[in-house]
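Here is a friendly walk through a structure that may be new to you. Have a look at the sequence and the 3D view, then read on.

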Amino acid sequence: MMDWQDRWNHISKLLDRNGPFAGEDFTPGKKVFEFVQSICNVLVIGAGGLGCELLKNLALMGFQNIEVIDMDIIEVSNLNRQFLFRASDVGKPKAEVAAAHINERIEGCKVIPHFAKIQDFDESFYRKFNIIVCGLDSIVARRWINGMLVGINSDELENDGNIIPMVDGGTEGFKGNVRVMIPGITACIDCTLDLYPPQVTFPLCTIAQTPRLPEHCIEYVKVLLWPKERKDESIDGDNPEHIKWIYDKALERADEYKIPGVTYRLTQGVIKNIIPAVASTNAVIAAACVTEVFKLATSSSTFLSNYMVFNDNDGVYTYTFEAEKKENCLACSAKIHPLTFSELDKLQDVIDFLTENPQFQMKSPGLTACIDGRNKTLYMPSISSIELATRPNLKKTLKDLGITDGQQIIVADSTTPSSLIFKLNLTSEMES
């Protein structure tokens with residue numbers, strides 16, 4: 001028997017009666033819980049420290065139609081906090097092991113795993129979910145799924161369709177945050193990029209000439225040695241061969257300067273910008289995330305509006321505020337984004353601006369434009385042969401490339417699932 005007497009008493013107490021915090025469209029009774037159990041499709045992105053907690057909490061709250069995406073395999077270092085995994089699971093996909101464990105332990109729950117990247121799925125895949133909840137450790141991945149949902153929901157808003165909300169959780173040591181995003185209505189991830197901590201960087205002169213820390217040795221290989229010896233490849237932080245190569249070279253440099261502390265794990269942490277995780281923080285943030293998922297699914301209480309921070313470095317501190325939409329947000333506002341440059345600025349200047357400006361924070365943008373009626377690839381870093389062919393364009397001025405005032409350029413980047421359109425407003429040499 002799938003359900004036994006009093007199994008869902010803890011849920012019934014929330015759904016069988018009205019309350020002062022219930023939403024306007026909340027109707028108490030069994031039908032609400034039937035929706036949670038039988039109809040509501042929830043997607044969990046990430047099956048790591050936060051993802052394990054999310055899956056467990058969702059299943060124990062009655063959600064039975066769950067899918068989970070994760071591209072990682074289980075490592076020994078995961079076992080201290082990712083409680084769905086055992087030593088015998090090391091080397092197996094996180095999504096598959098987590099799903100099997102939940103399905104085995106919680107009767108009636110059907111978790112479908114996907115050992116893949118979120119970018120491997122198209123719009124039709126994401127449209128089938130009622131709610132998406134994220135437990136990611138990557139800002140790039142957050143921005144990508146944010147862009148996907150903004151694109152989907154812009155169509156739904158125009159057609160009065162069902163909007164797919166996203167609940168996003170994040171942890172950093174003893175700090176964490178939860179946010180509820182209703183695409184097209186509330187602030188999206190790109191609206192609040194400045195809330196995310198900047199990635200730690202080291203001065204080039206230090207890592208090249210006077211390294212003092214193991215991180216300096218790793219950055220030296222990543223920033224200087226890799227482009228020199230493996231210039232036709234991009235570093236993949238999830239590729240063990242890439243990490244091992246960087247680790248070996250960093251160890252050689254550390255030995256040369258008598259710097260202890262270079263390990264494989266530290267190398268992976270520097271390359272992927274991994275921040276040590278704390279199990280208790282994951283538990284608190286996952287509980288808050290699933291509470292918001294439950295509110296969104298049932299309307300039994302008003303959901304978070306729209307950002308909550310948590311800190312238990314010194315005591316326990318929480319604070320809730322409403323993040324506001326940005327009028328010129330790259331993802332959810334303007335369709336065409338104006339940029340002003342001199343016609344004598346080089347293409348490299350445009351790329352540097354897109355990667356370094358806090359509003360854009362792109363990773364490796366590729367640029368194309370329609371010039372004289374022909375589509376022209378200005379620069380494309382993701383494909384080695386095209387990168388090599390278009391590399392000389394980086395040193396050319398916008399004028400030399402045939403770009404004129406008002407020219408639209410199309411930019412593709414790993415932070416967004418769809419290309420972005422920028423309009424270049426060019427100033428002349430005399431104006432500059």
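Which residue of strand 3 is the bridge partner of Glu67? That would be Ile112. Before going further, keep in mind that this is a predicted model.

**Strand 2 and its neighbours**

Strand 2 (65-70) is a good place to start. It is mostly covered, with six of its six residues buried. Look at one side and you find Asn65, Glu67 and Ile69; turn to the other and you find Ile66, Val68 and Asp70, and all of these are buried.

Strand 2 pairs with strand 1 and also with strand 3. Here are those pairings, along with one from another part of the chain:

| Strands | Sense | Bridges | One bridge pair |
|---|---|---|---|
| Strand 1 (residues 41-45) and strand 2 | parallel | five bridges | Asn41 and Asn65 |
| Strand 2 and strand 3 | parallel | six bridges | Glu67 and Ile112 |
| Strand 10 (residues 366-371) and strand 12 (residues 407-412) | antiparallel | four bridges | Gly366 and Ala412 |

How does the chain get from strand to strand? Strand 1, helix 3 and strand 2 form a β-α-β unit that is right-handed. From strand 2 the chain then goes through helix 4 to strand 3, in a β-α-β crossover that is right-handed too.

**Helix 4**

Helix 4 covers residues 94-105, which makes 12 residues. At 1.5 Å a residue they should span 16 Å, and the end C-alpha atoms are 17 Å apart, so the two values agree. The buried residues of this helix are Lys94, Ala95, Val97, Ala98, Ala99, His101 and Ile102. What do they pack against? Their partners are helix 3 (49-60), strand 2 and strand 3 (110-115).

A bit of background helps when you look along that list: an α-helix has 3.6 residues a turn, so residues three or four places apart point the same way.

**Two nonpolar cores**

Now for the inside. The largest nonpolar core has 51 residues, and Leu55, Leu58, Phe63 and Val133 are those with the most contacts inside it. Helix 11 (residues 279-298) supplies the largest share of this core, nine residues.

Take Val133 as an example. Leaving out residues up to four places away in sequence, Val133 touches Val42, Leu43, Val44 and Ile45, as well as Leu54, Leu58, Val167, Cys289 and Val293.

There is also a second, separate core of 31 residues, and Met148, Ile164, Ala187 and Tyr196 are among them.

**A look at Tyr196**

Is Tyr196 buried or exposed? Its relative accessible area is 12%, and the cut-off for buried is under 20%, so Tyr196 counts as buried. You will find Tyr196 in the loop between strand 6 (175-181) and helix 7 (204-209). Not counting residues up to four places away in sequence, Tyr196 touches Ile139, Arg142, Asp168, Arg179 and Ile189. Ile139 and Tyr196 are 57 residues apart along the chain, yet their C-alpha atoms are separated by 8.1 Å.

**The five-stranded sheet**

Further along, five strands make an open sheet with mixed pairing, in the order 9-13-12-10-11. At the edges sit strand 9 (336-342) and strand 11 (374-379), each pairing on one side only. On average, neighbouring strands of this sheet are turned by 35° against each other, direction ignored. Helix 12 (residues 347-356) lies across strands 9, 10, 11, 12 and 13 (420-427), and runs at about 130° to strand 9.

Note on methods:
Residues numbered from 1 in each chain as written. Predicted model: local features only at pLDDT ≥ 70, side-chain atom pairs only at ≥ 80, totals over all residues. Heavy atoms only, no water. Helix = DSSP H or I, 4+ residues; strand = E, 2+ residues; numbered from the N terminus. Expected span 1.5 Å × (residues − 1). Buried < 20%, exposed > 50% of the residue type's maximum accessible area, 1.4 Å probe, protein only. Contact = heavy atoms within 4.5 Å. Pairing = 2+ DSSP bridges. Axes fitted to C-alpha atoms, helices over the stretch in contact; angles between N-to-C directions. Right-handed = clockwise from strand over helix to strand, strands pointing away. Core = buried A, V, L, I, M, F, W, Y, C linked by side-chain atoms within 4.5 Å.
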